[in-house]
Amino acid sequence: MKKNVLINIKGIQKIDGVQDVTELFTQGSFYKRNNSYYVTYSESEATGYSGSRTTLKVDSQNRVILIRSGEIRSHLVIMPGERNIGHYGTEAGDLMIGVDAKTVKSTLTENGGSLYFSYTLDVNASLLSENEVTIDVKEMEQ
């Protein structure tokens, strides 16, 4: 059953030794289907992806799949021990990038919980950024 939730997303991105921290509080939905948890929310101007919707799928293999649809589209697979090639949309255009996951930790249950993942992004095998994301999902009170 789909639940309305409050979502707190904290992202840390390091590029050339410079760290940038962003935090977003938003509302979205959360549900479980076929042993996978889904977190969905609409992006805003604050994230730079206005007009897009993001879905995070966390499956039983501890893999995170980020799917962004709408005006700016992305598809990234984050799975420790595997380097994947992903499609990453930006305001300037689309990129094919390498995604190398370091860690995925999930305490998600039917009632919400937390998700943490860290990964690097590269273009043509050159490091683009190091990233950490923490997502807390809490059911909204009726």
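**Group meeting: a walk around a ten-strand barrel**

Okay, let's start at one small turn: S4 and S5 form a hairpin with 5 residues between the strands, and in it Asn62 takes a positive phi near 60 degrees. Keep in mind that this is a predicted model.

Now let's zoom out. How many helices and strands does the protein chain have? It has 0 helices and 10 strands, so to speak a plain run of β-β-β-β-β-β-β-β-β-β along the sequence. Those 10 strands close into a barrel, in the order S1-S2-S3-S4-S5-S6-S7-S8-S9-S10, with antiparallel pairing. On average, neighbouring strands of this sheet are turned by 30 degrees against each other, if you ignore direction. And if you're wondering what holds a sheet like that together, strands pair through backbone hydrogen bonds, either parallel or antiparallel.

Let's walk round from the start. S1, residues 3-15, and S2, residues 18-33, are antiparallel and share 13 bridges. One pair to find on screen is Lys3 with its bridge partner Phe30 in S2. The hairpin of S1 and S2 has 2 residues between the strands, and Asp16 in that turn has a positive phi of about 50 degrees.

Next hairpin: S2 and S3, again with 2 residues between them, and here Asn34 in the turn has a positive phi of about 50 degrees. These two strands run antiparallel and are joined by 6 bridges. Look for Lys32, whose bridge partner in S3 is Tyr37.

That brings us back to S4. S3, residues 36-42, pairs with S4 over 6 bridges in the antiparallel sense, and on the other side 7 bridges join S4 to S5, residues 64-70, also antiparallel. Arg53 is a handy residue here: in S4, Arg53 is the bridge partner of Ser42, and Arg53 also stands opposite Ser69 in S5. Why is S4 described as largely enclosed by the rest of the structure? Because 5 of the 7 residues of S4, residues 52-58, are buried.

Speaking of buried, let's look inside. The largest nonpolar core has 26 residues, and Val64, Ile78, Phe117 and Ile135 touch the most other members. Take Ile135: leaving out residues up to four places away in sequence, Ile135 touches Ile7, Asn8, Ile9, Leu56, Gly113, Ser114, Leu115 and Phe117. Phe117 also turns up in a strand pairing, as the bridge partner of Val104 in S9. That belongs to the pair S8, residues 93-106, and S9, residues 112-123, which run antiparallel with 8 bridges.

One more residue, and this one is polar. Asn131 lies in S10, residues 126-139. Is Asn131 buried or exposed? Asn131 is buried, with a relative accessible area of 7%. Its side chain makes polar contacts with the side chains of Gln13, at 3.4 Å, and Ser129, at 3.0 Å. Beyond its neighbours within four places in sequence, Asn131 is in contact with residues including Ile12, Phe117, Tyr119 and Leu121.

Last, the whole chain. Of the 142 residues, 42% count as buried. The C-alpha atoms fill a box of roughly 45 × 35 × 25 Å along the principal axes. A compact globule with 142 residues would have a radius of gyration near 14 Å, and the 15 Å of this chain agrees with that. Finally, among contacts with a separation of 6 or more, residues 24 or more positions apart account for 30%.

Methods
Residues are numbered from 1 along each chain as its sequence is written. This is a predicted model: local features need pLDDT of at least 70, side-chain atom pairs count only at pLDDT 80 or more; totals for chains, interfaces and linings use all residues. Side-chain values use heavy atoms; hydrogens and water are left out. Two strands pair if DSSP finds at least two bridges between them. Helices (H or I, at least four residues) and strands (E, at least two) are DSSP runs, numbered from the N terminus. Axes are lines fitted to C-alpha atoms, for helices over the stretch in contact, and angles run from 0 to 180 degrees between N-to-C directions. A nonpolar core is a set of buried Ala, Val, Leu, Ile, Met, Phe, Trp, Tyr and Cys residues joined through side-chain atoms within 4.5 Å. Buried means under 20% relative accessible area, exposed over 50%, partly exposed in between (1.4 Å probe, protein chains only). Contact means heavy atoms within 4.5 Å. A polar contact is a pair of N or O atoms within 3.5 Å; within protein, one must be able to donate a hydrogen and the other to accept it, and residues adjacent in sequence count only if both atoms are side-chain atoms. The radius of gyration is taken over C-alpha atoms; the globule rule is 2.2 Å times the number of residues to the power 0.38.
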